[in-house]
Structures are given as structure tokens and as C-alpha cells.
Amino acid sequence: MPIKNKSVIFDRENLNKENPKEFLYKALKMSPSDLILEVRESGLKGRGGAGFPTGTKWMLASAAVSDKKFVVCNADEGEPGTFKDRVLLDEFSDLVFYGMIMCGYAIRANKGFVYLRGEYRYLLDKLLKYLDKMHEENLLGKNILNSGFDFDIEIRLGSGAYVCGEESALIESLEGHRGESRNRPPFPVNTGYMGHPTVVNNVETFATVPIIISRGAEWFTTVGTLNSKGTKLISVSGDCKEPGVYEVPFGISINDILKLVKAENTKAVQVGGASGHCVPKEQFDRALSFEDLSTGGSIMIFNESRDMLHILKNFMEFFVEESCGQCTPCRIGNIKLLEGVEKVEAGDCALSYIKELIELGKSMQLASKCGLGQSSPNPFISIMTNFENEIFSQR
Amino acid sequence: MENNKETNRAPISQKPLVIEKGDKDAIGGLVEIEINGKPFKVPLGTTILDACRQQNIHIPTLCHHEDLCIAGVCRICVVEVEGMRVLPTSCSFPITNRLKIKTSSENVRKARRHILDLLLSEHYGECYSCHRNNNCELQKLAKEYGVDSYRFGHVTQRRHEIDRSSYSVIRDMDKCILCKRCVRTCIDLQEVGVLEATHRGDATTISTFMDKPLADVVCINCGQCINRCPTAALKANDPSDDIWRAIDDPKKHVVIQTAPSPRAAIGEEFGLPAGTSMTKQLNTALKMIGFDKVFDTNFTADLTIMEEGTELLLRLKKALVEKDDSVKLPQFTSCSPGWIKYIEHFYPDYLDYLSSCKSPQQMFGAVIKTYYAQLNNINPEDIVTVALMPCSAKKFECNRPEMNDSGYKDVDYGLTTREMAQMIKEAGLYLPGLPESEFDNPFDESSSGLIFGATGGVMESALRTAYELVTGRQVPFSNLEILPCRGFSGVRQASVKLENVKPEWSFLEGVDLNFMIAHGTANAKKVMEALKRGELSNIHFVEIMACPGGCIGGGGQPIPTSKEIRAKRAEAIYKEAAGLTIKKSFENPAIAKIYAEFLTDGPCGHLSHKLLHTHYAKRGKYIP
Ligand SMILES: Cc1cc2nc3c(=O)[nH]c(=O)nc-3n(C[C@H](O)[C@H](O)[C@H](O)COP(=O)(O)O)c2cc1C
Ligand code: SF4
């Protein structure tokens, strides 16, 4: 499945002209600190959802003192409605791996892991073959391209839990434990895999770095908005004529996205997957960016025929099941939110109780241990607030 | 092999923070912080919770326990830290820079109340029909926060069957709040690893291997999980109804033996501070309740020393004189039934290293239903023996099929300190207000058996006796207190030189008697691994207790437990022991008498082998 629109970054034809291997040459000739500086100047922010500045993350890991450090590529892609990392791994794995090597070089790590979503096992062979080829070409292994830098990449298959995409739960899982997120601080950049400083980045984040190195930070900053530089891959699904993966510049409005994918009669757009926000029609002029509507890539489109309560129920069922079960607000809170939806569905719920549940949701956002519980009330709060009339008038 | 808090499995992120040297925010190792608007200085790396506690600022906790690694899962201890989007848990947050903390802002209060309401909504049952009524951390919080209704509903149906399979520990997962203290106790503190969270989301439960009943997994019955459970999800298997029935039956002669540790702790159940000894009030209470005789387990502790000490000397003789290399050394103590089950499961090939002596509890049972029955002309069939123990594993032990050497079940019931306190209350007695009274004859004199209660006590008693048997002199320590045996470090090692020995022990002349002491099975594991690696070849004798702190920290002792509480209990025992006139087991006249009248072929003789010694089962880790 190719990327649907004309891409600025992930365009194979253009890339081949530039010869991606050269990107790696160039990076390994820079000093690690210059490399980090370049990434920082580009303003690149994490593409996995949280949007943490990538250069800063690398700088923190580089400053941490340890005999061993690690690079982890988060290819768990578990957010409902996201499938853009799959496309990158399938068609741009060279960029992903180069990005990981550059990160390793920058922070002085010699080992990288790709935490590959279990359902993407079918990509494994192809990826392993590609890693072999890189070894043969001295792009991986000892003394890469005679730079004196050693780096190796290992692919680990995920264990099939959504929470394992959360970076600290991912690290627990890599270590062979139950996928449960850790307390923070300490952060993975200080205490990550096996207690060593670890950078965890999304597939797309890594794949973007080689382009930044090749074309320069300045070029990268010409695309996007003030606080969201570059482009974003989005996975569009739902009620539209042309679902698929698109590369769009940050700052693009929902309206423009809907035009791009040929969506009609749209009632609502869920930005950011199950844990994202549900945007009603009146707000379709809002922009995709870290400042406004932030997303790891999932865009779900719902037209006028959809029942918002039903959609919400689906999301909440997902969270009730996918909570790791570790902490109270998320484990029990999501059950209570789902029960609330079911009560409304059965026509036996006072609006005041829903208001009480929205307050509960706010506490969950504040007091849950990890991003899952902190964001799982988002659809409840946004749908119950934005579609209060529809939901309560129908019943 | 020092004891440290680091454990095998605790996620690295949950281990104590190591502060890098030269941290720029660290000024002389102290960080300035602000709590609720007031400035404080705390050592770098202190958690917010500890910092607040040092300032007497109360923060509620549930999953936190000072004996365990940090979990940060209940979330009840959240606080507000300026500049942070979310509310971090104070138990897990190490202070490394100047924080501004609020401990009861609107968001904090709301979140805590929400968390509490959520826990209560899933917590099955009612407080008044719960054995932890008035000693439940969840109930305490509900009161603290003035909960007067179930805001998010309340479960009315059981979702889990109660697991009553074990002789020792009963699990009621409907009361579980998933704080994982039991998991961390079992995996990290004890390194046994029976309990773990399984499934996820709303289906998350604490479970055993393949969800098997507790009786069919490698549970060692130590009950440490019970001691750390904040609610009533775990409890000991309580035989008090049966005991009341026996007391009420005029045909039955009901005899109770009381171990050293319960008397040093039972006062806590009546609101007294830890470390208040209740020995003589307890005697009165037991007689008032209706026990026909109240005996002191110290008697068989002394008997254990005679048997176990003799066994050790015989092993040494075989090894050193007869050069018999089938003799296993070091000899390991066998009084702790948790430890016995642990070694049977985890080191089944090393059972020959164990002393064959029964524990004092089981020796007493066998003696009562034989020697005592004969002396008093009572039909052993009519005797009911109860053992008041600090221990949940003793319940399993008395039910071991081989513990019938008297011809009857040697010990009928093992009763914990907590259950005893309950019986005393039920009888309408206030223990601390009772007059004092003595133990009953003929086992009323005791000696160093009392210090069995604390880790190192068995070793200390054994050394006093063995040293004097071999040299004819007292151990060269002031007031006979062998200080290297005392204290709480996880694994201790020391030695005593045997010089100018009596002629019959000439093979021990100049020998350094090397001994080791370990408590908590995590430390036992360290010792066993060292043994496996062949590193204990110069050690002669090892004392192991399954519970941290020894019996005073046993799984049947009052809840809560902490290092400080255990130290206070140990102090009480050592203080009481210091006042005893007889300090050596072999000088106990009751001991001399039983060997003169009953066990006439002496320690490790034929009859004692029948009644006082036992054998072990190779259990292994897989239980079909
Ligand atoms: C419940 C949950 C699931 C997540 N799943 C993913 C995922 O599948 N892929 C991903 O890249 N990041 C995921 N994240 C975000 C990661 O925790 C982390 O922020 C990200 O991998 C960092 O990389 P980035 O800075 O490049 O975005 C998830 C976060 C949460 C809370
Ligand atoms: S927020 Fe949810 S997923 Fe995250 S630690 Fe808590 S229970 Fe687990």
C-alpha cells in the first residue's frame, strides 16, 4: 500500500535520486553533538503521539552516564486506526534503520531493538533480509562505513497488548516481563532497557531523521507550523472514498483532510485514535498540529449515519480490555465510564451522573500511571460534551 | 552475601535511586523543596512521600509498604508538583531538584477520593463480616475521607471462589484491591514466586501458576503475604471454632503450648506498643479461656537444642574422625516449617543437609501424647494439643501425614497470634489488664529456648550448649550473649574456636566452629546457591528462618509489620531472656528429667529418633 498523495519526504523516486546510503555517510562524518544539534534545530517532535522533541530526547540520553545505551524503535503501532508505520516498515525500512543507527551514533549506543507489533510478523522475513544486506554492505555491524562506530539491530516481536506501545511498558516487555508501564521519573533516557539509558522513538520519527540530516534542519523547518515542523503521515479510515496513508504538512485543517480523502456528510472526526479527541463538524477548521489537534497518525471519519454513543462504547470497551490493569484509575475508571455509556444506552442514566463521570475522567487523566489511562477518558469527555444533545435527545 | 534491598525481579526503575556524583542541583547533598508553601531541605533522592512523612504531613498510601519495592499502582498517594501536567505518586517520585509540592490541592483531593470510590465500588462484602474489621487500610481510608455512600456503585455478587485449599493461607480475591503487595512479598521479598498478576484490564487478578489452588503450587506457607495485605484478601486458615469445640467438650483434655514470639507481639492486638511482653498475662488468659494446661514451647526448644546439637556433634565426628564423606555438612536447622517446605520445593536434592529434628512444636506434640499422657494417666486419644505460634506454616506442618509418631496426630491445631487474640477478645478478656501467672508443670522451666523467636536465636542457644558440652566451659561471651548471632542483616557468618576440649571430643581441638545465619527465604536462597557452588565447605552449622526477622516476623503475627516493629519484638524477647536464671538448654531440669525418665537412651537415641526426628519429602517445583 503506497502513500497516497504526493510526498515531500517519503517519496521513493526522489529518495533514490539522493541515494539514501549517502545520508548515513554524511551522518557518521558529523560529530555526535553536531548530529544532535541538527535534529534539535529541525524542531522534529516525536511522531508516536506524545510529541516530545526528538533532539532533546537524544541529548538527554547522550548526557546520561553509562557503559551501555540502547536505541529502541517503537513499531508496536497499536493505536486503533493507525497503519502508517506498517507502510514505512514495508517500503522505507532503509530510512528507519538509518535513523536508528544515527541515533545510536549520536547517543553512543551500540545496540538497537525494533519492537515489532505481533500482527506484523509477516514483515519479519523481509526486514531480517534487509538487515543481512546492510551487514554485507557494512552499513551495520562492526566499524560501519569505516567510521569506527559499531551498531547492531535486533528485531523483537511484540506480545499483542496495546499498552506495550507505551515506551516503559515496551521496555518491560523487552526485558521479558509483563507489559506494564513504569513509574516516571526515572525516564527511559536515564533508566531504560536493563536500567541503561534508552531512546525510544516511533518508526516515523526515525525514518524522518535521515532526511533532516541530508537536506538540513533549515529545509525541514520550512514545512509545518511554528511548533510543529515538517510533515506527518496520517492513516485515514472510516467514511470516505479514499482511505489510506497520506503525508500532509502540519497545520493542515480537518476540512482539507476531508477533501483530500473525499469524505462527504461528515459528522465527526476522531483525531488520534481511541485515546484521541472527537472533533465535531463545527470545529473542522481546526488544524492538525501539536498546538491544536495532536495525533500519532490515526484519523477516523464518521458520517451522519453513525451513532456517536455506539462509537464511544466501542472505544471504551477497547480501554476496559486493554488497560494493563495495574493502576486503579485506569483499571476501574474505564469500567465505570463504559458502564455509564451502557446506562445511557439503556435509557436509564441521568445527565448528572454523566457529569460525575466526566469529573472522574478528569481525575483519571491526572492520576493514571501511564498515557493509556491518562488519555482513555478523552473520547468519553469529548463525545459526551460535543454530542450531548444527540446522545440524550435520542433516548 | 550481604542483605540488600535489591531483588531479582523488581523492575530496575523501582530500585532505589542512585544519584550521580556532581549533580548540579545537589547542594551539599540536600535539595531545597517547598511543600504546601513551606520550604524544607531534604537529602537528594528522598521520595516525596518520605519527605512529607519526615515533616509529619500525612499522605494516604495503599500499595506502598516499607519492606517492599515501590509499585506506584494504587495511585492514592498522588500529589501536585508545580510544572507537571499530571499528578505523580509521591511514593515513587525521587526528589532530585527544587520541587514545589502540594499535598492537598483540589485536584489531589478529588483524584484521591475518586480512586477510593473506585476501589470501594469493586470491593466485595461488608466491613462487619470481615476479619480485618478495624484493621483494614481501605476501611481506614474510607473513614478518613468521610465516604458515606458508594458513588460508583458496589459489587453485590462474588466473582471469585475463595481458595481454601491450603492448610495455611486462604485467599479471597473478591477482597483484593490489586495493590500487589503480596506479589512483591512473594517474588521480591521471599523470592518464592507463587503469586503474580495475570490477565489484563478488568480481568486482572492475582493468581497462581495456571490458577491452581494454593495447596498445589510451591507456596511455602510463610504467610508473609498475609502480613502485608492491606485488606482481607489473604488470611490464615483459622481453627478457632474447632478449638472452642474441644474446650467445651468435657471429655477432652485440651493442652496449649505457646511459642516465644506470640507473647512478645500479642499486646499489639490490644493496642499496646510493639515490644511489650505479655508472657504471664497470656498464661492467665489461656487458663481463663479454658485450656487445661498451658505449656511453654521453650521446653521443646531446649529439647531441640539437645537433639540438634548432638546430631551436629555426631556428624562432625563422622566427618572428621571416621572420614565418612556421605555425611552432609553444614547441618541446617529444621525448626522453621516455611524453610522446610522451601527447601523441599526448590532444593530437593539437598534435604540430607537438614537436621532430622522435628520443630519444637512437633516435638511438644509427640511428648504430650506420650510422656505427658503416661505421667498423668490420660488417654492420649482424649488429649487435644494446640500450638500457639507466630506462624502460618505451622498449620501445614502439624497436618503433615508423617507427624503422627505418638500414634495420634501429634499437634491437633496450629493457632496464630492473631487468632489467639481474637479468642481472648471473644472470651471477654482484656489481656493487658489480667493478673500474671506461670506456666504449668512439668515443662515450666525454660532456658535459652526463648530466644528462638528472633533470627539467630537457635544458633545462639545451640552454641551455648555445644560449646559447653565439648569444652566443659561456658561460651566466652559476657552474660552468654553471643552477639554475632544477633541483629537483622540478611546473612551473617561467624565462628567460635574450640580449645582445651574434653578428652572425648579431642578431634575438635583447635577447630573453628563456623556458622551462618539467614532469615527470609530470599537470603536462604543466597546460602543455598553458595552451597551449590561449593562455597560452604568450611561451614558447620546454618540456621535458617523462613520469615524476615525470624519467628517474631512470622506470618501469624499481628498486622502491620515493619522493620521497626520486628526489632522491638526481638528486643522484648532478648530482654526477657536476659532475666532468666537458666541460660543453657542442658541445665533445664525438665530436660534432665525427660532424658532420665523417658528418653533414656539419650539425645539422638532410639526413642528420640522415633518421636523427635522426622524425614522430608522431595517435592520439587513441579506439582502434578
Ligand atoms: C497506551 C499507549 C500506546 C502507545 N503506542 C504507541 C505505538 O504503538 N507506537 C508508538 O510509536 N508510540 C506509542 N506510544 C507512545 C510511546 O509511549 C512513546 O511516546 C513513543 O514511542 C516515543 O516516540 P516518539 O517520541 O518518536 O513519538 C504509546 C503510548 C501509550 C500511552
Ligand atoms: S494507566 Fe492503565 S495501562 Fe497505564 S499503568 Fe495504569 S492501568 Fe496500566
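**Exercise 1.** How many salt bridges are counted between chain A and chain B?

*Solution.* Note that the model is predicted.
Step 1. Apply the cut-off: a side-chain nitrogen of Lys or Arg must lie within 4 Å of a carboxyl oxygen of Asp or Glu.
Step 2. Count across the two chains. The result is four salt bridges.
Step 3. Check one of them. A:E180 pairs with B:K180, and their closest N and O atoms are 2.7 Å apart. That fits within the 4 Å limit.

**Exercise 2.** Which elements give two or more residues to the side of chain A that touches chain B, and which gives the largest share?

*Solution.* Step 1. List the elements. They are α12 (308-322), α13 (328-345) and α14 (351-367) of chain A.
Step 2. Find the largest share. It comes from α14(A), with nine residues.
Step 3. Sort the residues on this side of chain A by type. There are 16 nonpolar, 14 polar and twelve charged.

**Exercise 3.** Describe the contact between chain A and chain B by area and by residue pairs.

*Solution.* Step 1. Start with the area. The size of an interface is often given as the accessible area lost when the parts come together.
Step 2. Read the value. Chain A and chain B bury about 3400 Å² between them. Carbon and sulfur atoms give 56% of this area.
Step 3. Name the residues of chain A that lose the most area to chain B. They are A:R178, A:N183 and A:L366, which together make up 18% of what that side buries.
Step 4. Count the polar contacts. Between the chains, 19 residue pairs are in polar contact, both residues at pLDDT 80 or more.

**Exercise 4.** Now look inside chain A. Which domains does the assignment give, and how do domain 1 and domain 3 meet?

*Solution.* Step 1. Set the bounds. Chain A is assigned domain 1 (3-220), domain 2 (231-303) and domain 3 (308-393).
Step 2. Count the residues in the contact. Domain 1 of chain A supplies twelve and domain 3 of chain A supplies eight.
Step 3. Take the distance. The C-alpha centres of these two domains lie 34 Å apart.
Step 4. Take the area. Domain 1 and domain 3 of chain A bury about 880 Å², with 61% of it on carbon and sulfur atoms. On the domain 1 side, A:Y162, A:V163 and A:S181 lose the most area, together 51% of what that side buries.
Step 5. Look for pairs. The rule finds zero salt bridges across this interface. It does find four residue pairs in polar contact, both residues at pLDDT 80 or more.
Step 6. Sort the residues on the domain 1 side. They divide into four nonpolar, four polar and four charged.

Methods. Residues numbered from 1 in each chain as written. Chains lettered and ligands numbered in written order. Predicted model: local features only at pLDDT ≥ 70, side-chain atom pairs only at ≥ 80, totals over all residues. Heavy atoms only, no water. Domains from an automatic or database assignment. Contact = heavy atoms within 4.5 Å. Buried area = accessible area lost by both parts, 1.4 Å probe. Polar contact = N/O pair within 3.5 Å; in protein donor to acceptor, adjacent residues only side chain to side chain. Nonpolar A, V, L, I, M, F, W, Y, C, P; charged D, E, K, R; others polar. Helix = DSSP H or I, 4+ residues; strand = E, 2+ residues; numbered from the N terminus.
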